[in-house]
Amino acid sequence: MIKPEVASYGSWRSPITTDLMTARTIGLGQIALDGEDIYWSELRPSELGRTVVVRQTANHQIQDVIPTPFNVRTRVHEYGGSSFLVVDGTVYFSNFTDQRLYRQDVGSEPQAITPEAAIRYADYVFDRQRQRIICVCEDHTVAEREAVNTVVSIGLEKDSQVQKLVSGNDFYASPRLSPDGSRLAWLTWNHPNMPWDGTQLWVGELKADGSLGNTQQVAGGLDESIFQPEWSPDGKLYFISDRTGWWNIYRWENGDIESLTEMKAEFGLSQWVLSTSTYAFESANRIICTYTQQGSWYLASLDTTTKQLEALATPYTDISSVHAAAGKVVFVGSSPTELRAIAQLNLTNGTLEVLRSASDVTIDAGYLALPQPIEYPTADGKTAYALFYPPKNHDYIAPEGEKPPLIVKSHGGPTAATSSSLSFSIQYWTSRGIAVLDVNYGGSTGYGREYRQRLNGQWGIVDVDDCVSGARYLVEQGKVDGDRLTISGGSAGGYTTLCALTFRNTFKAGASYYGVSDLEALARDTHKFESRYLDGLIGAYPQQRQIYQERSPINFTDRLACPVIFFQGLEDRVVPPNQTEAMVTAMRAKGVPVAYVPFAGEQHGFRQAQNIKRSLEAELYFYSRIFNFELAEPIEPVVIENL
């Protein structure tokens, strides 16, 4: 055995490079089953962030279905989701550039079937009886008006008629057609609710002309979140509701609602993207589902007759995009030692097959830090949750007595959650000798509605408390260096980062990725889906304008006395560049060390390989200069003003 080299934390050489992360790693998303064929979407940073639909045939042949330059991505709700549909080998998809719906027949070029217009489509279901697609439509044709959302039907040929089926509310999702084509179910909600606050589940009967009649509300309301309605093969309507405080599975039949699971577990998710799937029917009597408890996801089989829930063994701790057919289930799975993968489980013999992994890279376990779930005390006598990753690299040890720097990661959303999945973007740090604390602060999903609502009216307070408390807890435990604490986050996590750096004095540096600094600007200048999100997180605007001002870091740059590096996509509509640039200008004028790295062509979140690479390396370079540690490999410098 080779004796480990002694080197300071942060200075360790690692095989987990940015080139490895970008050139040889893809994103895996939506899954669709079409007979014996399996389809999925792949986000490819090496192709400038293009998303492609891939098919695996019954004889295990894998090939791209959508040719260059088409990019399969919808912008409904800005975050998209459910961007393609497969019917008998024909793929219907949203193209990112023009947001038109295209038809891709086998052996042919894609053909647009919707006209050129500022209209977006997503969340498709096929109406075989009437030879049409039913989907969510988002109309942006009137610039000075808020986008209009509806449920529509679209014919399958070019310039087919678009028929409006449901309208009048602010948002729609999950149109689902009964097996006999006679009834349509859908979700809807209105401002200021977000889908995890309260939604309504409706059902209507389809008339001879394809329109809807005899509509009725089945479940949901202002304080009940309904998630993923699905019809069983025998025509019963199932859905997930948090009416007990936990997202569990229910069935609606003959006007009655019946619970199938009564657990302190979450079978649902926050619907940031459309058509998220946590369960599917293997048969009329069997559901394959996934649920989370204490930060880990489990796969299970649910007997719809006996209501018995039986665990299904997999190596994964994070499971999503569940789709099933007779005798099998296909899903996206990952674990602390395995990257996300499209996996197929044979329900008869338990055989697990990986169809596609996010990367073909194999990393020696000696370089991988395993997440340690921790619970720790936070403000007001409450408990917060996080995953702690200590430094790990079997080639190095630190000098005796030295403790590692810590990066506290604040996830986006903020109504979301971190994951225990193997993440090269975390291992990039830990393999270089920098510890990471990934925080599920109050407001995160996975711990029930009460925990999720901790952030109501308290954004910028509870999340910051939990990040600060987590860092201090690790310092008290002797696991990290209290003089080298940093915080990093993107989007809403960037807001938490900037609040922690501005209003508290725990952290010595930070990194904001397209983070919110001006809540008023966000309230005035964001897209429809999130335009009233702050009503719940902060308060009504402009009635409670003072609170917005008091919690906006941009108004208190005089309190910000530690170095910050900012990263920003210049085409970001969720958090426009002017917010970041105003913050940078204020810090520059004050004389605080600041760096700014803008990316042309990027929106909210970075998809291009060169920009993902640049941002990570720039952040590492920034910390090396702030904390004065040597880098093991040369990195292109970033300009740090006032240093």
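## Nonpolar cores

In this predicted model, the largest nonpolar core holds 91 residues, and the members with the most contacts inside it are L406, V408, L437, W459 and F507. Apart from that core lies another, of 52 residues, which includes M21, L339, Y428 and Y514.

For V408, once its neighbours within four places in sequence are left aside, the residues in contact with its atoms are L437, V439, C467, A471, T486, I487, S488 and F507. Two of these partners, L437 and F507, are also listed with V408 among the residues that have the most contacts inside the largest core.

## The chain as a whole

The protein chain contains 10 helices and 38 strands. Its radius of gyration is 24 Å, close to the 26 Å that the globule rule gives for 643 residues, so the chain is as compact as a globular protein of that length. Along its principal axes, the C-alpha trace spans about 75 × 60 × 50 Å.

Of the 643 residues in the protein chain, 62% are buried, and the accessible surface comes to about 24,700 Å², with 46% of that area belonging to carbon and sulfur atoms. When contacts between residues at least 6 apart in sequence are considered, 57% of them join residues at least 24 apart.

## Helix α10

Helix α10 covers residues 609–627, and because a helix should extend 1.5 Å a residue, its 19 residues should span 27 Å, which agrees with the 27 Å between its end C-alpha atoms. The helix is mostly covered, with 15 of its 19 residues buried. After α10 comes N628, whose phi is positive, near 55 degrees.

Terms used
Residues are numbered from 1 along each chain as its sequence is written. This is a predicted model: local features need pLDDT of at least 70, side-chain atom pairs count only at pLDDT 80 or more; totals for chains, interfaces and linings use all residues. Side-chain values use heavy atoms; hydrogens and water are left out. Helices (H or I, at least four residues) and strands (E, at least two) are DSSP runs, numbered from the N terminus. The expected span of a helix is 1.5 Å times one less than its number of residues. Buried means under 20% relative accessible area, exposed over 50%, partly exposed in between (1.4 Å probe, protein chains only). A nonpolar core is a set of buried Ala, Val, Leu, Ile, Met, Phe, Trp, Tyr and Cys residues joined through side-chain atoms within 4.5 Å. Contact means heavy atoms within 4.5 Å. The radius of gyration is taken over C-alpha atoms; the globule rule is 2.2 Å times the number of residues to the power 0.38. Accessible areas come from the Shrake-Rupley method with a 1.4 Å probe; for residues, only the protein chains shown count as cover.
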